[in-house]
Amino acid sequence: MFIINHIKISFLFVFVYSLNAQEINTTKEAELFSLKAELKNAITENDSINIGLTNIKLADFFNSISLFKEATHYYQEYLGLHLPKDSSFIKVQNQLALINLELKQYSLAEQHASLALSTSEHINYKKGEATSNALLGSVSEKLSNYYEALKFQEKSLSLFSLLKDSTGIAITNENIGSIYEDLEQYQKALNYFNIANRFAKNSPWDLKINILNNIGDINRKTKKYNDAIRFTEQALESAKSANNQSQLVSALKDLSRTYANMGNFEEAYKYLNNQYIANEEELIQNNNEIVSALQILHDVKENENKVQLLNKQNEINKVQQSIILITTSTILLTLLAAFLYWKKRRKHEKRILEYKQQLLQADLDKKAAKEIALNREIDIKVSSLTNYSLHIAHKNKKLSDISKTLSKLKNRNNELVSKKLKDIVKDIEADLENNNEWAELMSYFGQIHPNFFSTLKQIVNDKLSSSEMRLCMLLRLNLSSKEIADILHITPDSVRIARYRLRKKLPLESKDDLQDYLLNLQLD
C-alpha cells in the first residue's frame, strides 16, 4: 500500500512539476535566445568588452540551470579574450573553482581559486580575496586537510568582517563549523553555527536552512535531542516553504536519526519513510531540471538553425513571390466559395438539428409525464396498502373487543348460552388467525417493493420467521408500534420485544434505528 501511495505521490509531483516547468522553460528559452543575439551583435561590432561581459552572462545563465559544461565553455571563452585582470576576471576564476568543487575535481578547483586569490591580492580586491580563501578552505576540507582548511576560512572570515558582509560572514562561520564537526569538536562547531545563524538573517533561504540543519545535527550528536528536534523542525518548515528538496531530505533524515537515538522508533520510521519519498521527489526534480535545461539548450539551437534556414529561404521566397501571389489569390477565391457553400450547408444542418431537438424535447416531455403518472400510481398503491393495513388493524381491534365482551358474557348465562358464546368466540378468534388477509397484504406490498424480502434474506445474520418478516414489512410501511400491535393482535410490549429480537438478526450498530434502517434499505 505504501509503494502504491508513493507511486501516486511521485506521479502527482512529476505532473505538477512538468506544468510549472513548461512555463519556466518558455521564459528561460527567451532569455537564452536574447543573450545569444546580444553576443552575436557584439561579435559583429567587434566590441571585445561587450563580448566578454555577454560571455559571462551566458556562463552565469548555464550555471544557474546546472549545465556546468556549457557554463565552463563560456567562462573559458571570456578568459580567452585576454581582457584586463579586473574583478570580472576574479569572479570568473572563482566561479570555475566553484563548478569544479561541485564536480569533485578538487585539483582544478584549487588552481582556479589560487589564481583568483593572487589576482585579488595584486589589485587589492578584498571581496574576491575573501571568496577565494573560502573556496580554497572548502577544497582543503574535501581533501581532509582540516587545519589548512581552517587557516583559509579564518582568513576569509576576517576579510568578510572587514567588509561587513553579513552573508559572507555567515557562510564562512558555517564552513568553519563544518570543519570542527568533521574533527568531532562539536561544541566549537555549534558556536560557529550559532554565529552563522545570527548573521544569516538577510541571507538566501538555502544558507539559512542549511545552518539550521547543522545546528540540529550537532545537538543530536551531543544528545540534546529536544534542541535538535526544535532546530531541525525549523529547517524542515523552511525547506517546505522554499521548496528546497535537498534541505528537506536532510531535515527528514536528521529527525529520523534523532528520534531513533531517543528510542522513539515509530516517529523515526515515519520520518524515514518521508525521507524516502522526499529522496525520490528530489531525484525526479533534479532529473526534470536536467532534462528541462537540456531541452532549453536544444530548443535554442533548433531555433537558431531555423533562423538560418529562414534566412536562406527568404532569398528563394523573393523569387517566388509573384507565383505565390497568384496562387494565393486563387486559393482565397476557392476558399471564399467553399466558405459560402459551407455557411449555406451549416444553416441547413442547423435547421435539421433544431427540428431534431424539438422532437427530442417532445419525447422527453412525454417520458416525464409518464414518470409523473407512474409516481402517482405508486403513491396511490402505497396509500391503499397503508389504508388496507390500518383496516386490518381496525377490524382486528373490533373483533378482539367483541371476543372479550362475549368472553365476559359466557359466565352470566345458562349452559346453552355459554356453549353458544364459546363457539362464537372460537369462530372470531379463528377468523383473527386467518392468514388469507396477510397473504393479500404481502401480495400488495410485493407489487410496490418487489425485491424487499429477497434483499432482507441476503443481509440477515439468522433466518427470519414469518412473524418477523411481517414485522419488517409493517416497519417498512412506516407504521408506529401501536399500529403494528393492533394489526398483529399483540400488546405494544410484545412489539418492543419482537423489534429487539429482530435487531439482533440484522447487521445494525447499537446507535442505528431499526425503522430508519428498513426504510432506507437499498433494494437491488
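Which helix holds both Asp217 and Arg220, and how many residues apart are they? Keep that in mind as you start. The model on your screen is predicted.

**Stop 1: the whole protein**

Show everything as a cartoon. You have 20 helices and 0 strands in view. The protein has 524 residues, and buried ones make up 37% of them. Now turn on the surface. About 32600 Å² is exposed, and carbon and sulfur atoms supply 54% of that area. Think about contacts too. Take those between residues at least 6 apart in sequence: 59% of them join residues at least 24 apart.

**Stop 2: helix H10**

Select residues 205-221. This is helix H10, and it holds both Asp217 and Arg220. The two are 3 residues apart, about one turn of the helix. That settles the opening question. Show both side chains as sticks. They meet in a salt bridge, 2.8 Å from N to O. Side chains of opposite charge can pair when their charged atoms come close.

Is this pair buried or exposed? Asp217 is buried, and Arg220 is buried as well.

Before you leave, select Trp205 and Lys208. The charged end of Lys208 sits over the ring of Trp205. The distance to the ring centre is 4.4 Å.

**Stop 3: the long selection, H13**

Select residues 265-409, which form helix H13. Go to Glu267 and Lys270. These two are 3 residues apart, about one turn of the helix. They form a salt bridge, with the closest N and O atoms 3.2 Å apart. Glu267 has 24% relative accessibility, so Glu267 counts as partly exposed. Lys270 is at 38%, so Lys270 counts as partly exposed too.

Add Tyr271 to the selection. The charged end of Lys270 sits over the ring of Tyr271, 5.0 Å from the ring centre. Lys270 therefore appears in two pairings on your screen: with Glu267 in the salt bridge, and with Tyr271 through the ring.

Move along H13 to Arg345 and Glu349. Their side chains meet in a salt bridge, 3.2 Å from N to O. Why is about one helical turn between them? Because Glu349 and Arg345 are 4 residues apart in helix H13. Check the exposure next. Glu349 is partly exposed, with a relative accessible area of 38%. Arg345 is partly exposed, at 46%.

Now select Glu181, Asp217, Arg220 and Lys221 together. Salt bridges that share partners join these four into one network. Across the whole structure, a search finds 12 salt bridges.

**Stop 4: a cluster of rings**

Which residues do ring pairs link into a cluster? Select Phe61, Phe62 and Tyr74 to see them. A search of the whole structure finds 8 aromatic pairs. Phe61 and Phe62 make one that is edge-to-face. Their centres are 5.5 Å apart, with 80° between the planes. Phe61 has 3% relative accessibility and counts as buried. Phe62 is buried as well, with a relative accessible area of 1%.

Now look at Phe62 with Tyr74. Why is this pair called stacked? The ring centres are 5.7 Å apart and the planes lie at 10°, so the pair is stacked; planes under 30 degrees apart count that way.

Color the two helices. Phe62 lies in helix H2 (residues 48-64), and Tyr74 lies in helix H3 (residues 68-79). The pair therefore ties together parts that are 12 residues apart in sequence. Tyr74 is buried, like Phe62.

**Stop 5: Gln153**

Select residues 146-163. This is helix H7, and Gln153 lies in it. Gln153 has 0% relative accessibility, so Gln153 counts as buried. What does Gln153 touch, not counting residues up to four places away in sequence? Show Asn133, Ala134, Gly137, Ser138, Thr172, Asn175, Ile176 and Ile179.

**Stop 6: helix H11**

Finish with residues 225-242, helix H11. The helix has 18 residues. From first C-alpha to last, H11 reaches 25 Å, close to the expected 26 Å. Its buried residues include Tyr225, Ile229, Phe231 and Leu236. Small ones to pick out are on the list too, among them Ala228 and Ser238. Step off the end of H11 and you reach Asn243. Its phi is positive, near 55°.

Key. Residues numbered from 1 in each chain as written. Predicted model: local features only at pLDDT ≥ 70, side-chain atom pairs only at ≥ 80, totals over all residues. Heavy atoms only, no water. Buried < 20%, exposed > 50% of the residue type's maximum accessible area, 1.4 Å probe, protein only. Contact = heavy atoms within 4.5 Å. Expected span 1.5 Å × (residues − 1). Phe/Tyr/Trp six-rings, centres within 6.5 Å; stacked < 30°, edge-to-face > 60°. Lys NZ or Arg CZ within 6 Å of the ring centre and 35° of its normal. Areas by Shrake-Rupley, 256 points an atom, 1.4 Å probe, with all protein chains shown as cover.
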